[in-house]
Amino acid sequence: DPTFRAIWGGVQADPMLRELDVLDTRQNAAIIYKVLKPYFPRVPEERVQALCLLICDGVGSALRLALESSGAGEDGIVVELKAMIATYLRSKFSLK
């Protein structure tokens with residue numbers, strides 16, 4: 001939907017809205033942290049928190065790219081994003 005794309009782009013352009021977006025990203029990262037932390041008992045808390053924040057921001061960025069790429073591989077972007085996150089988690093934290 002072109003309107004949705006325009007609104008999402010506006011959020012990124014306006015400093016006050018971007019601040020709200022960052023706050024939302026941090027809140028989502030905290031939710032993911034609660035789920036992931038038990039899987040990484042030996043990893044410092046700060047690293048797991050940073051990972052969760054990066055996942056949330058990266059997913060948002062990739063989804064914006066997929067929306068802007070309509071008809072030009074948007075499904076592939078989502079597939080590759082999932083593969084990247086899974087591969088990173090497995091390699092960095094020795095998950096099988």
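Is Asp 57 buried, partly exposed or exposed? I'll start with that residue and work outwards. Asp 57 is partly exposed, at a relative accessible area of 32%. Keep in mind throughout that what you see above is a predicted model.

First, the overall layout. The protein has four helices and zero strands, so along the sequence the pattern reads α-α-α-α. Of its 96 residues, 23% are buried. The accessible surface comes to about 6,900 Å², and carbon and sulfur atoms account for 62% of that. As for contacts, take those with a sequence separation of 6 or more: 48% of them are between residues 24 or more positions apart.

Now back to Asp 57 and its partner. Asp 57 makes a salt bridge with Arg 18, with 3.8 Å between the closest N and O atoms. Asp 57 sits in helix α3 and Arg 18 in helix α2, so this pair ties together parts of the protein that are 39 residues apart in sequence. Note that 3.8 Å falls inside the cut-off, which is 4 Å.

Arg 18 has a second partner. It also forms a salt bridge with Asp 21, and there the closest N and O atoms are 2.8 Å apart. This one is local: Arg 18 and Asp 21 are both in helix α2, three residues apart, or about one turn of the helix. The count of salt bridges comes to two, and Arg 18, Asp 21 and Asp 57 are linked in a network.

How do the other two members of the network stand in terms of exposure? Arg 18 counts as partly exposed, at 26% relative accessibility. Asp 21 is buried, with a relative accessible area of 17%; the limit for buried is under 20%.

Asp 21 comes up again with another arginine. Which side chain of opposite charge is nearest to Arg 64? It is Asp 21, at 4.5 Å. Arg 64 is buried and has no salt bridge, because a salt bridge requires the nitrogen and oxygen to be within 4 Å. Arg 64 belongs to helix α3. Leaving aside residues up to four places away in sequence, Arg 64 touches Trp 8 and Gln 12.

Staying between α2 and α3, look at Thr 25. This residue is in helix α2 and counts as buried, at 12% relative accessibility. With residues up to four places away in sequence set aside, Thr 25 touches Leu 53, Cys 56 and Asp 57. That brings us back to the aspartate I opened with.

Cys 56 leads on to the nonpolar core. The largest one has 11 residues: Ala 29, Tyr 33, Leu 36, Phe 40, Val 43, Val 48, Leu 51, Cys 52, Ile 55, Cys 56 and Leu 89. Which elements give two or more residues to this core? Those are α2 and α3. Helix α3 gives the most, with five residues.

Ile 55, one of the core residues, also appears in a distance I want to mention. Asn 28 and Ile 55 are 27 residues apart along the chain, and their C-alpha atoms are separated by 9.7 Å. Asn 28 lies in helix α2 and is partly exposed, at 33% relative accessibility.

There is a comparable entry for Gln 49. Its C-alpha is 9.5 Å from that of Lys 34, and the two are 15 residues apart in sequence. Gln 49 is in helix α3, which covers residues 45-68. Gln 49 is partly exposed, with a relative accessible area of 36%.

Last, the surface. Which residues make the nonpolar patch of about 260 Å²? They are Leu 17, Leu 20 and Leu 23. Leu 20 lies in helix α2, residues 15-36.

To recap: one network of salt bridges links Arg 18, Asp 21 and Asp 57, and the Asp 57 pair ties α3 to α2. Arg 64 is buried without a salt bridge, with Asp 21 at 4.5 Å. The largest nonpolar core has 11 residues, with α3 as the element that gives the most. That's what I have.

Notes:
Residues numbered from 1 in each chain as written. Predicted model: local features only at pLDDT ≥ 70, side-chain atom pairs only at ≥ 80, totals over all residues. Heavy atoms only, no water. Buried < 20%, exposed > 50% of the residue type's maximum accessible area, 1.4 Å probe, protein only. Patch = residues over 30% accessible without salt bridge, like charges linked within 9 Å, V, L, I, M, F, W, Y side chains within 5 Å. Areas by Shrake-Rupley, 256 points an atom, 1.4 Å probe, with all protein chains shown as cover. Lys, Arg positive; Asp, Glu negative; His and termini not counted. Contact = heavy atoms within 4.5 Å. Core = buried A, V, L, I, M, F, W, Y, C linked by side-chain atoms within 4.5 Å.
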